[in-house]
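Trainee: Could you take me through one part of this model closely, and then show me how the rest of the chain fits around that part?

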Amino acid sequence: MPVVDLDPGLVAAGPAAVDAALADRIGEPLLVRIPADGLAGADEGRLRPWLRTAPVATLGVGEAPRAARDALDCWVGDAATADRLADGFDRAPLAALTAALLVRAAPTGVWPGLVAESTAYSMLQGGPEFAAWRAARSTTAPASTEADNAPRVRVHAEHGHTVVTLTRPARHNAIDVRMRDELDAALGALAETRGPVILRGEGPSWCSGGDLGEFATFPDPVGAHVVRLTRSLAGRVHAIERRLVVAVHGACLGAGIELAAFAARVVAADDARIGLPELGLGLVPGAGGTVSIPRRAGRAALLRLLWAGDPIDAHRARRWGLVDEVVPPSRLVERSHELAAEL
Amino acid sequence: MANLLGKRYVCAECEATVLVTKAGEGALACHGQAMEPATAKPLPSSD
């Protein structure tokens, strides 16, 4: 396991003692668990620079004041949750650590954050964990052969608001290249308009994220970086975020929550399942999630969602700040218009 | 149909392309037919 549990006394003794304890494992993509009672006895001034520059992910366990928790990459209250996150981290330690280092050193501003995220994502596209996922998949799930030519996005006016609807319900509005390009064009045109915009999904789900059938079809990781920033849905959503309401229901995974989290208001139906499955592919979020989710809910929430891998329900997402409101599915459309009118 | 700022319109007959730098009402026509909004250059998947 790429997990090291630090003894409380060791943490209290300071950075040199911690480094000595990690000496045999350093160079590996590690998750270091730090007990709250160890932090309580530590000299914070000496430990803080270590926590900021450590090339390992740090997870605090137990009760501690806010300032102490914020100095670590992630924090959970109990050992059982810490074990679950450690198991999740173990699925793809390189990607899990990359995400922690990325959001810890997050540059100021959305665009610099998107560039940094895309760089990390492309790096992982060339790494062993993504290659392992790709190799395992090729024998079980062939790429999608779907050839329907139906539009992926519809734009219309409703109650005085502009509504953009994802229209690929049979695939839970998974984002393929066609949807990416149609949504990019639709949101790009809306950047020139005024007034509230509502984003929502047709069918059983808002958006299940990137279309897995098209994963690993990028030409090369470095070229993919350029394409990703050229057709950046995160950039498009960010440009209109202050007048944007996103209504989510059903699957709200990967890019589904990453894009939604930029919006001024996010309203969720109580059937929404919100998660970041990227680690299962040896990747990090690539649709702006490392910018939008920490901005809404903090970097610990981003890492907790990513490392765990399991989706959370709408009520928990509201407690974390990922969504603003939870309503019954029958109220979702109406409530999204009410919120848009208040913007 | 209003012309959208920043959009390119192309003629289906010839190679004429118009870039809208100031949005407004009206219709763009060339060779006796309405010009169509140009679609974005196709780019591959980045995933």
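**A close look at one helix**

Mentor: Happily! In H8(A), the buried residues are Gly113(A), Leu114(A), Glu117(A), Ser118(A), Ala120(A), Tyr121(A), Ser122(A), Leu124(A) and Gln125(A); buried means that 20 or more other C-beta atoms, placed from the backbone, lie within 10 Å of a residue's own, while 12 or fewer make it exposed and anything in between partly exposed. Helices here are DSSP runs of H or I with at least four residues, and strands are runs of E with at least two, numbered from the N terminus. Helix H8 of chain A covers residues 110-125, and because its 16 residues at 1.5 Å each should span 22 Å, the 22 Å between its end C-alpha atoms agrees; the expected span is 1.5 Å times one less than the number of residues.

A word on the source: this is a predicted model, where local features need pLDDT of at least 70 and side-chain atom pairs count only at pLDDT 80 or more, while totals for chains, interfaces and linings use all residues. Residues are numbered from 1 along each chain as its sequence is written, with chains lettered from A and ligands numbered from 1 in the order in which they are written.

Now to the surroundings. Chain A holds 17 helices and 13 strands, and 49% of its 343 residues count as buried. Its C-alpha atoms fill a box of roughly 65 × 45 × 30 Å along the principal axes.

Another helix to visit is H7 of chain A (residues 93-104), where Ala99(A) lies. Ala99(A) counts as buried because it has 31 C-beta neighbours inside 10 Å. Leaving aside residues up to four places away in sequence, Ala99(A) touches Val284(A), Thr290(A), Leu303(A) and Leu306(A); contact means C-beta atoms, placed from the backbone, within 7 Å.

Helix H6 (residues 79-91) and helix H15 (residues 299-308) of chain A pack with their axes 7 Å apart, at an angle of about 65°. Therefore H6(A) is roughly perpendicular to H15(A), a label given to angles of 65 to 115 degrees. Axes are lines fitted to C-alpha atoms, for helices over the stretch in contact, and angles run from 0 to 180 degrees between N-to-C directions. On the H6(A) side, Arg84(A), Leu85(A), Gly88(A) and Phe89(A) meet Arg304(A), Trp307(A) and Ala308(A) in H15(A).

Finally, 16 residues of chain A are in contact with 10 residues of chain B. On the chain A side, helix H10 (177-190) and helix H11 (221-230) each supply at least two residues.

Key: Contact = placed C-beta atoms within 7 Å. Parallel < 35°, antiparallel > 145°, perpendicular 65-115°, else oblique.
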